[in-house]
Structures are given as C-alpha cells and as structure tokens.
Amino acid sequence: AGRTEFVFRRRVGNIHADAAPHTTGRSFRITCDLVVNSEGRGVIACQGSSLCGYSFYIHDRRPVFYYNAIRPHVARIEGLDRLSPGRHSISVEVRLDVRAPGSGASMLLDVDGHCVARGRIERTLRTLLNQNGFNVGQDTVSPISPDYTIEDSALVGEFSHVTFQLL
C-alpha cells in the first residue's frame, strides 16, 4: 500500500520522483496553511516541467491549480477573489473518475473551508515523463505553468506546513 500522507514544514526542491508522492492513477489533495502578504504569489507545490506535470500556486493573490497532461490536455482552475492579507488554509483536490493512470478527474479548489473553483481534466498523466522532481515553496527547473517564471516562482509569505495526501 505504501505511504499516503506527506507533510513538508519547509521549502524543498527537486525531490526525486521515486521519493515524491506517486500521483499516477491516484486521487490526491494538497493543503497549505499560509500567511498571505500584499504581494501574494508563488508556488506551493509542484511536480514536473513545462512538458507535463501539475502546479498549485498563488498568482496575483488568487489560488490556482494547473495540470498539464501533455498538450492539448491542460486544465487550470483559479479562485475568482483575491486572498486578503493574513492567514488562510487553501487546498486543491484532484479526484479521479477511476483509480487508473490516464483517468479523467474533477478538480476542487478550497479557501478557508469554502469551494472557490471547480474544473475538470478529461485525461490525467499515465506516467510522469520527466525527472524534474517534486518541489515545495518554489518551482526549480522548468516552469510548469505559463503564469510564472522560475525566477519569480518562490512562494512569498510564510507557511507552517504543506500536507500532501494520496486518496
């Protein structure tokens, strides 16, 4: 069965795919308790590269989840409202239709216990095709989302922990 919960209490970069949460064919949830400042930007957690992968991040003080299952199979959900400065709990859940690689999935974005965005991707990755690793608090090699660059991907603000659950 293996490990189903991972808790990160600091920024980490390039965790090898073999040591990272294995999301292929699995539903998952990423939760972060963080303090947002007036700038409000940066990557909470991501895995992959511009070719394929996923990224959970803050863009212009809005929570965003971006999933690239190799173009044209790309999905992006974003909260409509900007996060107010201060402490927030935000999460994203990717729920597969069937527990199998390549399955379609629903995506839910939650802020402080309220759903702020929903979306769908018709196909998820059958396998992670690159070795760019899993990151918390930044993206490190090739930006997964076109919303940010590597140079501005560092999470601005404080977080107590990021929890990654395989469901």
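This briefing describes the fold, one strand hairpin, the salt bridges and the largest pocket of a predicted model. Because the model is predicted, local features need pLDDT of at least 70 and side-chain atom pairs count only at pLDDT 80 or more, while totals for chains, interfaces and linings use all residues. Residues are numbered from 1 along each chain as its sequence is written, and side-chain values use heavy atoms, with hydrogens and water left out.

**Overall fold**

- The protein chain holds zero helices and 12 strands, where helices (H or I, at least four residues) and strands (E, at least two) are DSSP runs numbered from the N terminus.
- The C-alpha trace of the protein chain spans about 40 × 30 × 30 Å along its principal axes.
- The radius of gyration of the protein chain is 14 Å, which agrees with the value near 15 Å for a compact globule of 167 residues; the radius is taken over C-alpha atoms, and the globule rule is 2.2 Å times the number of residues to the power 0.38.
- Of the 167 residues, 50% count as buried, a term that means under 20% relative accessible area, with exposed meaning over 50% and partly exposed in between (1.4 Å probe, protein chains only).

**Strand β9 and its partners**

- Strand β9 (residues 105-111) has a covered face made of Ala105, Met107, Leu109 and Val111, and an uncovered face made of Ser106, Leu108 and Asp110.
- On one pairing, β9 runs antiparallel to strand β8 (residues 86-96) over seven bridges, and Val111 in β9 stands opposite Ile90; two strands pair if DSSP finds at least two bridges between them.
- Strand β10 (residues 114-121) is likewise antiparallel to β9 and joined to it by seven bridges, with Arg120 in β10 as the bridge partner of Ser106.
- Two residues lie between the strands in the hairpin of β9 and β10, where Asp112 takes a positive phi near 50 degrees.

**Salt bridges**

- Side chains of opposite charge can pair when their charged atoms come close.
- The count comes to nine salt bridges, each being a side-chain nitrogen of Lys or Arg within 4 Å of a carboxyl oxygen of Asp or Glu.
- Glu93 and Arg29 meet in one of these salt bridges, at 2.8 Å from N to O; Glu93 lies in strand β8 and Arg29 in strand β3 (residues 28-36), so the pair ties together parts that are 64 residues apart in sequence.
- Glu93 also meets Arg95 in a salt bridge at 2.8 Å, N to O, and Arg29, Glu93 and Arg95 are thereby linked in a network of salt bridges.
- Within this network, Glu93 is buried at 14% relative accessible area, whereas Arg29 is partly exposed at 23% and Arg95 is partly exposed at 38%.
- A further salt bridge joins the side chains of Glu39 and Arg41 at 2.8 Å, N to O, with Glu39 partly exposed at 43% and Arg41 partly exposed at 26%.

**Largest pocket**

- About 240 Å³ of space lies in the largest pocket; on a 1 Å grid over the protein atoms alone, a pocket is an open set of points where a 1.4 Å probe fits, with protein on both sides within 12 Å along at least five of seven lines.
- The largest pocket is lined by 20 residues, of which His22, Thr23, Thr24, Gln47 and Leu128 lie nearest its centre, and a lining residue has an atom within 4 Å of a point.
- The lining divides into nine nonpolar, nine polar and two charged residues.

Note on methods
Points joined across faces, edges and corners; volume = space filled by probe spheres on them. Nonpolar A, V, L, I, M, F, W, Y, C, P; charged D, E, K, R; others polar.
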